[in-house]
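Hi,

Here is the structure I said I'd pass on to you. Have a look at it first, then read my notes below with the viewer still open.

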Amino acid sequence: MIWAQSPAVVRVPATSANLGPGFDAFGLALARYDQVEARVTGGGLTIRVCGEGQQTAGLGERHLVVTAMRAAFAAMGGQPDGLALSFINTIPHGRGLGSSAAAVVSGLLAARALAPGGADRLPDAEVLRLAVDLEGHPDNVAACLAGGLTIAWRSGGAGGAGPASGAGVVPGADGIPPNGPGAVSPGSTSSRSRLTAVVCVAPTALATHEARRALPAQVPHADAAANAARSALLLAGLTSDPSVLFDATEDFLHQRYRAAAMPETADLLARLRGAGIAAVVSGAGPSVLALGLADAEPGLVAVGSIARETGIAWHVTPLKVDRQGATVQSGGMGVPEPGTARQGRSTNQAPGPLVLPAEGSTQGRVTKPATDGPQSRECRALLWC
């Protein structure tokens, strides 16, 4: 197999899953990103990491991005002799913001971009299937791939025994039209880009499997019924009537059971909701996500002051909803000369059922460095995307 000579650069957004009652189904892409530049070499494996997760540079073949790339290469029928990977990471690890999904998606898309005829060898539906197999759940990976608000499901009933059946891209807050196979539409929408979020990033990590151990094998029927109603209301709140977001984000399935494993998160969540803010545990936690409208007062403006009252070092960050999802271009992450734009070809030109076209090209745009986490001068120099 003749591999691409140019490096592939993949940018993937952070994601928040569940959004309260949408357990293992709802996902929202957020405008905070990891990037990886991948190139084929004559042999060996080199990994360089700037920003979050620098300790993962020594994992070698056990690095999750490498694992995903190997799976994609195998599905396409070959493995390159060597790989060189450079990462710019701003998504916190183990905080409930989809860092694992971001790693899996970036690995799969990087491998596809490096393989000849990769889009034909590994179509979007297969990318989703592989991502779910590797990450374990479709909610984060669907949002990471498609951007915006997604609803994901698996065939095979409640146990999820079957393969991932698809991911529906819901228009509304993200403004993406449901014009591809596997998309679903809730009807007319009005809120669109006014939806915004504030993330309270926890100072310490919590492994997803630890949070899942706190969940009961069964829940009362009344709770299941109430949660179904809230999930339906959440869809309306995110796409057409944001005035119902507070009630719509009430959860009956998982957050209360996880409270003992993350008491600081439970405390902040109670304080925010006590102030009338539509707050939820982000993914499996321990970070907290607050949703609202950018022009609502006091609303999300109060999140920072409430977080400070806890005495915990929450990192409070307003984030927009990412509308692009994962993007891929060739040519590397080098910094161009002043006044010039990086030339690169987007692989999202022809949308499939999951990876939708970006509303605007990333060419000629500089990504702002993260406000937290280590950033060396070399790291900042690589932030061109």
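**What I found**

The protein has twelve helices and eleven strands. Keep in mind that this is a predicted model. Of its 385 residues, 54% count as buried. If you take the contacts with a separation of 6 or more, 71% of them are between residues 24 or more positions apart. The outside adds up to about 15500 Å² of exposed area, and carbon and sulfur atoms supply 54% of that.

**Empty space**

Rolling a probe the size of a water molecule over the atoms shows where empty space is left. I'd start with the open kind. The largest pocket has a volume of about 680 Å³. Its lining is made up of 41 residues, and the ones nearest the centre are Gly98, Ser99, Ser100, Ala101 and Glu135, so those are handy to click on when you want to find the place.

Which element gives the largest share of that lining? It is H2, with six residues. H2 covers 99-114, and other elements that each bring at least two residues include strand E1 (8-17), helix H1 (64-76), strand E4 (82-89) and helix H6 (208-213). Sorted by class, the pocket lining has 15 nonpolar, 18 polar and eight charged residues.

Then there is the closed kind. How many cavities of 30 Å³ or more are there? The count comes to one, and about 30 Å³ of space lies in it. Its lining consists of Ala14, Leu30, Arg32, Leu97, Val199, Val201, Thr317 and Leu319. By class, that is six nonpolar residues, one polar and one charged. Three strands each supply at least two of the lining residues: E2 (26-41), E7 (195-201) and E10 (315-320).

**A pair of rings**

A pair of aromatic rings is described by the distance of the centres and the angle of the planes. This structure holds one aromatic pair. The partners are Trp3 and Phe73, with ring centres 5.1 Å apart and planes at 75 degrees; anything over 60 counts as edge-to-face, so that is what this pair is. Trp3 sits in the segment before E1 while Phe73 belongs to helix H1, so the pair ties together parts that are 70 residues apart in sequence. Are these two residues buried or exposed? Both Trp3 and Phe73 are buried.

**Backbone oddities**

Most residues other than glycine have a negative phi, and most peptide bonds are trans. Here are some spots to compare with that.

- Asn18 is not a glycine, yet its phi is positive, at about 80 degrees. You'll find Asn18 in the loop between E1 and E2, and it is buried, with a relative accessible area of 3%.
- Leu19 is not a glycine either, and it has a positive phi of about 55 degrees. Leu19 also lies in the loop between E1 and E2, and its relative accessible area is 0%, so it counts as buried.
- The peptide bond from Gly285 to Pro286 is cis, with omega near 5 degrees. Pro286 has its place in the loop between strand E8 (278-281) and strand E9 (288-293).

**A covered helix and a buried loop residue**

How many of the nine residues of H5 are buried? The answer is nine, so this helix is mostly covered. They are Pro138, Asp139, Asn140, Val141, Ala142, Ala143, Cys144, Leu145 and Ala146. Right after H5 comes Gly147, with a positive phi near 80 degrees. H5 also supplies at least two residues of the lining of the largest pocket, which is a good reason to view the two together.

Last stop: Ile91, in the loop between E4 and H2. Its relative accessibility is 0%, and under 20% means buried, so Ile91 counts as buried. Leaving aside neighbours within four places in sequence, Ile91 is in contact with ten residues' worth of company that includes Val12, Pro13, Tyr33, Asp34, Glu52, Ser99 and Ala102. Ala14, Arg32 and Leu97 are among its contacts too, and those three also appear in the lining of the largest cavity. Finally, Ile91 and Ala31 are 60 residues apart in sequence, while their C-alpha atoms are 9.9 Å apart in space.

Happy browsing!

How values were computed: Residues numbered from 1 in each chain as written. Predicted model: local features only at pLDDT ≥ 70, side-chain atom pairs only at ≥ 80, totals over all residues. Heavy atoms only, no water. 1 Å grid on protein atoms, 1.4 Å probe; cavity = no way out; pocket = protein on both sides within 12 Å on 5 of 7 lines; lining within 4 Å. Points joined across faces, edges and corners; volume = space filled by probe spheres on them. Helix = DSSP H or I, 4+ residues; strand = E, 2+ residues; numbered from the N terminus. Nonpolar A, V, L, I, M, F, W, Y, C, P; charged D, E, K, R; others polar. Buried < 20%, exposed > 50% of the residue type's maximum accessible area, 1.4 Å probe, protein only. Contact = heavy atoms within 4.5 Å. Areas by Shrake-Rupley, 256 points an atom, 1.4 Å probe, with all protein chains shown as cover. Phe/Tyr/Trp six-rings, centres within 6.5 Å; stacked < 30°, edge-to-face > 60°.
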